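Hello,

Here is the structure I promised to hand over. Please look through it first, then read my notes underneath.

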Amino acid sequence: MRITTLGHQQRGATLIVVLILLLLITVIGIIAVRTAITSLNIATNSQIGQLLMQTGDTPNNQFLNVSNYDVLRAADVVIGAAEMEHRNAPGKEYVFCYKPTLNQQLAATMDATILVPPAKNADRDTKATIDSTQSNRSGFCDLQRDFGSAREAVVTQVAVRIPTDTEAVDAGAYLESGIDQGAGSIVQNSKTTSTRVRVTTTSILPNYASTDLATVQKDCIGDGSAVGYINDAIDSDVAGKKTVAECLAGYGIPVNVQVQEMILQQLDEETTSPASAW
């Protein structure tokens, strides 16, 4: 009887040991799965961030390294058009969708939409309006169609604005260091014209939206019947206003915003003396 009892006790101990080992294997497996999922999320987030940043860099690269002064100042390009509009009605945004897969001129005015930002004292969530004299809405990116590459992943909305805080910049702040434009002459024989331009690019991964893209399109960006939010909220007259990027992030969409300021400057130098009046 004693031997039989010991045998039952041994078989019971074996079962307990097996259950403990099974529990340990389960815990280790769960930890391994969670670690793998975490690593995958980190890698995915890193890839998303890099993709969005590279896509946002592309329009800025086109402006800075491909185009020249005369092209950018032309009236049929948004920078030139924004500069001319700024003289009479400052603060407007020229918005266009960057579509490198289409054969079109970069940032052509005919492909841009002119947004009028909300008043300075308006509520934070106040949306932009369309310039009544410029009713074109083709500048709004279509989140379901206007992808920047054949992989159909990223949509890039670009906004061009002439800053309205220019008056706060000190005189001569944009002159190149170490250059005396009046050197060798009693009367200044050269002059410069400069324009400060700010380009805001918002790169978007619409497929991560937590709701229907048509709803996101209408609420955040705009379409044929609605207008979304502004893109640039840096100047004091629009500071604190809700932007397209903030609206998109509220729907769970990954976005990357890049702001590039440039100074378009041309030096006109007198090469011959003016004709004498005497």
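Below are notes on the disulfides, the cores and one surface patch.

This is a predicted model, where local features need pLDDT of at least 70, side-chain atom pairs count only at pLDDT 80 or more, and totals for chains, interfaces and linings use all residues. Residues are numbered from 1 along each chain as its sequence is written, and side-chain values use heavy atoms, without hydrogens and water.

Disulfides first. Two were found, taking cysteine sulfur atoms within 2.5 Å as a pair. Cys 97 and Cys 141 are one pair, with sulfurs 2.0 Å apart. The torsion about their S-S bond is about 105°, so this link is right-handed. Both Cys 97 and Cys 141 are buried (under 20% relative accessible area, 1.4 Å probe, protein chains only; exposed is over 50%, partly exposed in between).

Cys 220 pairs with Cys 247, again with sulfurs 2.0 Å apart. Cys 220 sits in helix 4 and Cys 247 in helix 5, so the bond ties together parts 27 residues apart in sequence. Helices here are DSSP runs of H or I, at least four residues, and strands are E runs of at least two, numbered from the N terminus.

Next, the cores. These are sets of buried Ala, Val, Leu, Ile, Met, Phe, Trp, Tyr and Cys residues joined through side-chain atoms within 4.5 Å. The largest has 25 residues, and Leu 143 and Leu 248 touch the most other members. Helix 4 gives the most to this core, four residues. A second, separate core has 17 residues, including Ala 82 and Met 262.

Last, helix 1 (residues 2-66) holds Val 17. Val 17 counts as partly exposed because its relative accessibility is 45%.

Best wishes
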